Amino acid sequence: MRIFRNPLRPGRHRGLAWLILAGAIPTATLADIRFEETSPAAGLHFAGPSAGSSWGDFDGDGWPDLWVSNHHGTPPSLYLNRHDGTFTEAAAEILVDDAGENFLGPNGRHLAAAAAPDFHGAAWADFDNDGDQDLIVVTGGGAGRGASANRLFINENGRLTNLAAKYGADYPLGRGRTPLWLDIDQDGKLDLLLMNHARAEAPSAIFLQTPAGFSPANEPLGFPRGKPSLLERIMDRLRGYAATLGYGKSGAVRSTDEFAQLADLTGDGRPELITYMRPTRIYSITASGLRDISGDMAPPDIGSVQDAILEDLNGDGRPDWYLVRAKPWEADVVQTDATHLQGNLANKPGQSSAVSFVTPGSITLEIHRPWMDPSDPARAKRPALYLGARQSELTEAALTLSPGDESIGGAAPPDAGEGIFVHYSRDTETWTLRSSSPAIGYLLASTAPISSIETEGFKPSKGRLENRLLLNDGKGFTVTKGPEAGQPTACSSVAAGDFDNDMDIDLYLVCADPTQNQPNILYENDGRGNFTRVAQAGGAAGSDRGRGNQVSVADYDRDGFLDLFVTNGAGPPPFADGPHQLFRNLGNGNHWIEIDLVGTRSNRDGIGALLTLEAGGKRQTRIRGGGMHSFSQNHSRIHFGLGANETIDRLSVRWPSGIVQELRNLRPDQILSITEPEQTR
C-alpha cells in the first residue's frame, strides 16, 4: 500500500474547526462549487475540431496526463502533466508508428492527407499488465464507405508505438465511436470492446486478449452480430411504448452514438455491461459469456440519448441512470446580429430545404460540407453550386455576391440535379439559399441589415430535448423528475462527481445548439437526488466559440477536488473551431480520499472492482469501470468526498477475482494505492 500526500493544499480542513468546537460535526458541509478556467496558463492553446478526451497516466508518475483526439483530420494532442498546474504538449515527441517513425509525419504536426486520422474515442489501460498504461484510439472507418485503422499505442521506453495491426485491434472497416477495456472472460487479462456505428461488415465487437493478441469473439460470447433487423427494431419500439404506458417491462433506450459502461445494476457485487446502441442492452457477465437481462431491468422507451452516467444519485447505494438527450444535427438558422446569419441545411435523399431573407446589401457567403475521411469514396464528389443561372465551383472560400449581378437573378437549369443554389429577387430584395445536398453549414454576412427570415422544408430547431433521470429501485428503473424537469436542453456530454466533496454526486453537462455554443450546466445534489442549478456553472459555463462537445474529469492538480476538461469542436465546419478548456476546482474545506487500484490476480487496473466507503454514518459506492462515457474517459483514480469527516470507518474493495479487501480507520486527504492481496484478509 502506498500513500501519496497532498502536495498543494495541506490542512484544508482547518476551516471546519468552528463546527467541531461548537459540537456539531456534520457528515457534509454545504459549500459552493467554484471553478476557474486555467487553459492558457496551463499550456492548453488548441482550438478546432474535437471528438473526445481521455485522462491517463502515461509516464507513471502518479499525475494525470491527457489525450485529446481532436477529430476531422487534425493531429491529436497529448498533454503531459508537469506537477505545477501546467502541461506540455508532447504528441510529436511521443507518438511513433510501427516502424519507429514519427506518427505525426516528418514535421511532427501534420500527417499526409491519405493518413489523416478521423480519431474518435480513446481509452487508457495497462492491458498487458506490464506496469504502464497503453492507449486504444478508434477511428471512423471512412464514414462507413471507406476504411481507417484503429491505433493501439503500446507504452514502452517513453514512447507510444502504434501496433494495432500486430495485436489484431486495427479493425479498419469499423466505424469506431468509443472503446471499453474490461475483463469479459474473467481470466485476469483485459479484453477490448469496440463500440461501432452500424455497419454490416464491421459491427460493434468484443476482442478477447490471447497470447497472440486480440481475437474477435462476438458469437461465442453471445454478443449481437451487428445492426438489428427492421423487425427487431419495430418490436423494440413497440415494447418500449408499452412499457411507457405501464404494459410489460422491457423498453428501448436508444443512443445517437455507440459507447459502453460497467455498473452493478443488480446489486450482486459484480458489474453488468451496458451497451448503448439501437437499442441499448444490459448484459450479465458470466464465465460462459454474456446474458441479456435488459427485459429484467425494465428500461423505459427513451430516444436521442447523447451520453449517460450510472451513479448513486439519491444515496440509496444503487446506481441510478442519468441520460442527456438532444438532436444536435437538426437544420437551423440563427441571426447572430443585424447583418449576420449562420445555419445548416440537412436533407434526406431526394429532398431539399431553403432559407430566405430580405436585405438590399451585398452578401458574403461561406458554404461548408461536413469533413470527410480521406478513405471515404464520397470525398471527391462535390455538389454543384449555382449562383442564379451561373454554375460555379463549390469551395470553402468566401463568395461575395452583389444585388447588381443580374446573373444571380436567373434560374438554374431544370436539369441541375443535386446541388446548392443561390438566388436573388430584385423586386423584393430577397435572397434564397437552397440545398438538395445531404448537409451543408454556412456563414453569411450582409452589408445592410437582414430581415424577414423564412425557411422552407424545415422548422428551425435548437435540437433541445428533456433529459431523463431513472431511479434504480433494485428491481428496475423508473423515470422521475430530474433536474429542471420540463426544461429541454441541448447537451451532448455529462460527467458525474462529488465536485464539492459533500458526499453526494453532482452533474456537469456540456451543451450547444446546432450551430452555436450554449452555456454549460452544473447541477448540485442535495444528497437525496434533488438538484439545484448552479449559476454560471460555478465558473465553468464554457466558451462562446465553437460548439460544446465533451467533458472529462480528473483531479489534475491532486488537491482532492475534481477538475473538468471541456472540448468545444463538435460536428461539421464551420462551427467546430472552439477551444480546449481546463477548469480547476477551487475547492472548499471538505475532506476527501482518492484511490488507485493495483490488481494481482485480477487485471492490473482493477477494472470491474466495486468500492464501498463508510464514514460519519453514510455509505458511498463506486465502481472502477474504466471511466468511460460517450467518446471520453474520466481519470481512473477513484474519488470520494468526505464532508467534515476526519476518519474513514471502513473501505471495502471487491476485486474482480472475488477477493474482498477491507481497510479501517483511514485518515482523509490522501491518495491511497491499494494492491490486491492474494487471498481475503
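These are my notebook entries on a predicted model, covering two contact neighbourhoods, a disulfide, some strand pairings and the nonpolar cores.

**Entry 1: A125 and D605**

I began with A125, which I located in strand β8, spanning residues 119-125. Its relative accessibility came out at 0%, so I noted A125 as buried. I then listed its contacts, leaving aside neighbours within four places in sequence, and found D132, Q133, D134, W181, L190 and D605. I also looked up the separation of A125 from L180: the two are 55 residues apart in sequence, and their C-alpha atoms lie 9.5 Å apart in space.

Since D605 appeared among the contacts of A125, I followed it up next. D605 sits in the loop between β43 (591-598) and β44 (610-615), and at 6% relative accessibility this loop residue also counts as buried. With residues up to four places away in sequence not counted, D605 touches A125, D126, Q133, L190, L597 and R624.

**Entry 2: W181 and the cores**

W181, another contact of A125, led me to the largest nonpolar core, which has 40 residues and in which L152, W181, I184, L193 and L273 touch the most other members. I checked which strands contribute to this core, and β8, β9 (134-139), β10, β12 (175-182), β13 (191-197), β14 (205-210), β17 (259-263) and β19 (281-286) each supply at least two of its residues. For W181 itself, neighbours within four places in sequence again left aside, the contacts are A123, W124, A125, F127, I136, L152, L190, D191, L192, F214 and I607. I also recorded a second, separate core of 25 residues, which includes L341, L385, L401 and Y424.

**Entry 3: the disulfide**

How many disulfides does a search of the whole structure find? I found one, and it joins C491 to C511 with an S to S distance of 2.1 Å. The torsion about this S-S bond is about 75°, so I entered the disulfide as right-handed. C491 lies in strand β36 (residues 491-497) and C511 in strand β37 (residues 506-511), so the pair ties together parts that are 20 residues apart in sequence. Both cysteines were then checked for exposure: C491 is buried, with a relative accessible area of 1%, and C511 counts as buried at 3% relative accessibility.

**Entry 4: the partners of β11**

I looked up strand β11 (residues 159-162) and found that it pairs with strand β7 (residues 95-96) in the parallel sense over two bridges, whereas strand β10 (residues 151-156) runs antiparallel to β11 and is joined to it by four bridges. L160 of β11 occurs in both pairings, as the bridge partner of L95 and as the bridge partner of N155. Between β10 and β11 there are two residues, the strands forming a hairpin, and N157 in the turn has a positive phi of about 55°.

**Entry 5: a six-stranded sheet**

Last, I traced an open sheet of six strands, in the order β28-β27-β30-β31-β25-β33, and noted that its pairing is mixed. Why is one side of β28 (390-392) and of β33 (451-456) left without a neighbour in the sheet? Each of these strands stands at an edge with a single partner strand, so one side of each has no neighbour there. From one strand to the next, the twist averages 15°. At the β33 edge I checked the pairing with strand β25 (residues 353-358), where four bridges join the two strands and they run antiparallel; within this pairing, V358 stands opposite S451 in β33.

Key
Residues numbered from 1 in each chain as written. Predicted model: local features only at pLDDT ≥ 70, side-chain atom pairs only at ≥ 80, totals over all residues. Heavy atoms only, no water. Buried < 20%, exposed > 50% of the residue type's maximum accessible area, 1.4 Å probe, protein only. Contact = heavy atoms within 4.5 Å. Disulfide = S-S within 2.5 Å. Pairing = 2+ DSSP bridges. Core = buried A, V, L, I, M, F, W, Y, C linked by side-chain atoms within 4.5 Å. Axes fitted to C-alpha atoms, helices over the stretch in contact; angles between N-to-C directions.
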